[in-house]
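Here's a quick briefing to read alongside the model. Have the sequence and the 3D view open as you go through the points.

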Amino acid sequence: ALPALVKTASDAGAFVSVNPGIKQITTRFETIRKLLASISLLAVNRSEAEALVRQAVAELSGSENAQLRQIAAASLHAPTEGAGRRGTIAAALVEGMLQLGAQRVLLTDGRHGSYYGHDGDIAFCPALDVPVASTVGAGDAFVSTFCAMTVMGEDASTALRAAAVNSASVVGRSDTQSGLLAREHLVSRARDEAGRLAVERWPV
């Protein structure tokens with residue numbers, strides 16, 4: 001069903017975002033890999049990214065996965081990190097997924113921030129340090145906000161900041177809905193938080 005949905009949406013010119021879960025990654029890796037070129041955005045959290053790269057190592061052979069093997073091995077010894085920067089395992093995971101054929105990659109890493117890879121460039125945006133009532137819905141809020149901002153023409157830095165602001169608002173509430181912010185508030189808050197949400201970029 002997923003390949004047909006992606007094809008229909010892509011043929012219609014839609015921005016297609018896919019967030020495969022661990023089970024989909026481990027049982028349908030080849031299907032996902034074949035779809036990467038048609039997907040506008042591959043969105044994964046840290047655990048899903050590690051699973052995808054390790055699955056690639058398991059299913060691909062030879063020079064095709066030489067660098068992926070190094071990334072997967074390193075991630076086994078560094079499951080969590082502090083503030084993200086160029087050279088971290090999370091950044092390497094994004095690069096690995098781009099090597100697999102993804103057009104754009106969005107990797108969320110909870111309080112450690114987020115990474116976005118596209119067009120030979122990787123960007124890192126920190127997370128806001130806020131009181132947490134519940135983390136349920138934070139990832140969905142982040143990805144959906146990033147997609148919406150991108151489709152509406154905002155640049156990647158603004159989209160990352162807006163997504164960070166919305167997910168931070170969501171974790172401050174015990175439910176998944178009441179913390180969501182409207183677009184005008186997101187854009188203004190993203191600008192106001194530019195200091196705390198300084199986006200760092202580097203070439204792949």
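**Starting at the surface: Asp11**

Asp11 is exposed, its relative accessible area coming to 58%. Keep in mind that this is a predicted model. The chain holds 9 helices and 6 strands, and 46% of its 204 residues count as buried. If you take the contacts between residues at least 6 apart in sequence, 67% of them join residues at least 24 apart.

**More on Asp11**

- You'll find Asp11 in helix α1, which covers residues 2–11.
- The C-alpha atom of Asp11 is 9.4 Å from that of Ser38, although 27 residues separate the pair along the chain.

**The sheet as a whole**

- The 6 strands make an open sheet with mixed pairing, and the order is β1-β2-β3-β4-β5-β6.
- β1 and β6 (200–203) sit at the edges with a single partner strand each, so one side of each has no neighbour in the sheet.
- As background, strands of a sheet pair through backbone hydrogen bonds, in either a parallel or an antiparallel sense.

**The parallel part: β1, β2 and β3**

- β1 (residues 17–18) and β2 run parallel and are joined by 2 bridges.
- One pairing to look for here is Ser17, whose bridge partner in β2 is Leu41.
- β2 (residues 41–45) also pairs with β3 in the parallel sense, this time over 4 bridges.
- Along that β2 and β3 pairing, Ala43 stands opposite Leu106 in β3, and Val44 has Leu107 as its bridge partner.
- β2 is largely enclosed by the rest of the structure, because 4 of its 5 residues are buried.

**β3, covered on both faces**

- How many of the residues of β3 are buried? For this strand (residues 104–108) the count is 5 of 5, so β3 is largely enclosed by the rest of the structure.
- On one side of β3 the buried residues are Arg104, Leu106 and Thr108, while Val105 and Leu107 are buried on the other.

**The antiparallel part: β3, β4 and β5**

- β3 pairs with β4 (residues 114–118) in the antiparallel sense, over 5 bridges.
- In this pairing, Arg104 stands opposite His118 in β4.
- β3 and β4 form a hairpin with 5 residues between the strands, and Gly110 there takes a positive phi near 55°.
- β4 and β5 (residues 121–125) run antiparallel as well, joined by 5 bridges.
- Ser114 has Cys125 in β5 as its bridge partner.

**Helix α7 and Thr145**

- Which strands does α7 lie across? The helix lies across β1, β2, β3 and β4, and runs at about 150° to β3.
- Thr145 belongs to α7, which spans residues 138–151.
- Is Thr145 buried or exposed? Its relative accessibility is 5%, so Thr145 counts as buried.
- Setting aside neighbours within four places in sequence, Thr145 is in contact with Ala162, Ala163, Asn166 and Leu186.

**Where α4 meets α6**

- The axes of α4 (residues 46–59) and α6 (residues 89–99) come within 10 Å and cross at roughly 50°.
- The two helices, α4 and α6, are therefore oblique to each other.
- The crossing of α4 past α6 is left-handed.
- On the α4 side of the contact are Arg46, Ala49, Glu50, Leu52 and Val53, and they meet Ile89, Ala90, Leu93 and Met97 in α6.
- By type, the residues of this contact between α4 and α6 split into 7 nonpolar, 2 charged and no polar.
- A reminder that helps when reading such lists: an α-helix has 3.6 residues a turn, so residues three or four places apart point the same way.

**How covered is α6?**

- α6 is mostly covered, with 8 of its 11 residues buried.
- The buried ones are Ile89, Ala90, Ala91, Leu93, Val94, Gly96, Met97 and Leu98.
- Ile89, Ala90, Leu93 and Met97 therefore turn up twice, since they are buried and also belong to the α6 side of the contact with α4.
- After α6 comes Gly101, which has a positive phi near 120°.

Conventions: Residues are numbered from 1 along each chain as its sequence is written. This is a predicted model: local features need pLDDT of at least 70, side-chain atom pairs count only at pLDDT 80 or more; totals for chains, interfaces and linings use all residues. Side-chain values use heavy atoms; hydrogens and water are left out. Axes are lines fitted to C-alpha atoms, for helices over the stretch in contact, and angles run from 0 to 180 degrees between N-to-C directions. Angles under 35 degrees count as roughly parallel, over 145 as roughly antiparallel, 65 to 115 as roughly perpendicular and the rest as oblique. A crossing is left-handed if the near helix is turned anticlockwise from the far one by less than a right angle, and right-handed if clockwise. Contact means heavy atoms within 4.5 Å. Ala, Val, Leu, Ile, Met, Phe, Trp, Tyr, Cys and Pro count as nonpolar, Asp, Glu, Lys and Arg as charged, and the others, Gly among them, as polar. Buried means under 20% relative accessible area, exposed over 50%, partly exposed in between (1.4 Å probe, protein chains only). Two strands pair if DSSP finds at least two bridges between them.
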